[in-house]
Amino acid sequence: MTGQRPTPPEVVEYTPGHLMDVHRPVGAEGPAAVVLLWHGRGSDERDVLRPLAQEAAGLGLLVLVPDWRSDQEDGGRARLLASFEYARREAASFGGDPARFVLAGWSLGGREAVALATHPDTPEEVRPTAAVGIASAYGRPAVTTGEAPLPLLAERPSPVPVWLVHGTADDLVPTALSRELHAALTERRSPVRLLELDSDHAGVVLTEYDPAVERCRPARADHAVRAGRATARVLAEAAAVGAPARAADPAR
C-alpha cells in the first residue's frame, strides 16, 4: 500500500436493506478507476474482502464491495445485479471514473464477474472494461447470465480483457480450472493473463481461514500477505485498461 493506514470503509445501501462497503482511493488525482468486487459463496461476507479492498484502495482505486447471498432462491442473482447497477450509477459520486470499471470476484463471485463482463447479452453501454476472476471455477452456469462462461469463451473471443488469479495451494478450487479458462481464452486470441500465486484459496485475497469461527480473517502468514498484495496489483493493472499479454506464462 501507500504506507498510509487503511481507513474503515463507508457503508451504503445499494438496495434497501442490503449493504456495500465503499473504499475510497488513497492518493488518487482526479477520478479513480472503479472496482466492483464480489465475495464468494458465504452469506453477506463483504468484510472478508476488506483487506484486499483496502490494499487496492491504497493503489488509488475506488473499490466497492457488496454483501450478497448465494443461498437465496435465485442464487443471489437479484442482489448481484442490483449491486452492479448501483456501482455503475453511483461510482462517480464517490470519486470514481465509470469509464474505467473493473468487475472482479473471488471464488463463486469470480465466476459471476467473468460471466457478466464477457456475456454477449451484456449491453455494451454498461459492460465493464475488464474482468478479474480470483480462485474461481468457470464451467458451471452463472446465476447472473444463466450460462457458464467457459464454453461461451471457448467459442468466441472475449469482449474485454480477462485477468485470472489462483493459488497453487488451493485445496477448494483446483488451480487447473483457471488454467482451463486461460487456455480457452488464449485459443480464441482473447486478451488474458493468468497469475498463479504460492498461496491457498483464502491467501489470494489477503486472508486466512479460521476454523474456530468458520470464516476468513485478515492474513498474518507471509505467503498470504504476499499473495493478497499481488492480487491487489492485478486489480490495478486491470483498471489501467491496457490489454494483458495474450499468452501469459501459467507458472509466473
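What radius of gyration does the protein chain have, and what would a compact globule with 252 residues have? The protein chain has 16 Å, which agrees with the value near 18 Å for a compact globule of 252 residues. The radius is taken over C-alpha atoms, and the globule rule is 2.2 Å times the number of residues to the power 0.38.

This is a predicted model, in which local features need pLDDT of at least 70, side-chain atom pairs count only at pLDDT 80 or more, and totals for chains, interfaces and linings use all residues. Residues are numbered from 1 along each chain as its sequence is written, and side-chain values use heavy atoms, with hydrogens and water left out.

The table lists values for the whole protein chain.

| Property | Value |
|---|---|
| Box filled by the C-alpha atoms, along the principal axes | roughly 40 × 40 × 40 Å |
| Residues that count as buried | 56% of 252 residues |
| Secondary structure | six helices and 10 strands |

Buried means under 20% relative accessible area, exposed over 50%, and partly exposed in between (1.4 Å probe, protein chains only). Helices (H or I, at least four residues) and strands (E, at least two) are DSSP runs, numbered from the N terminus.

Helix 1 covers residues 50–57. Seven of its eight residues are buried, so helix 1 is largely enclosed by the rest of the structure. These are P51, L52, A53, Q54, E55, A56 and A57.

S70 is found in the loop between strand 4 (62–66) and helix 2 (77–90). Its relative accessibility is 17%, so S70 counts as buried. Leaving aside residues up to four places away in sequence, S70 touches R41, G75, G76 and L108, where contact means heavy atoms within 4.5 Å. The S70 side chain reaches the backbone oxygen of R41 at 2.8 Å.

Conventions. Polar contact = N/O pair within 3.5 Å; in protein donor to acceptor, adjacent residues only side chain to side chain.
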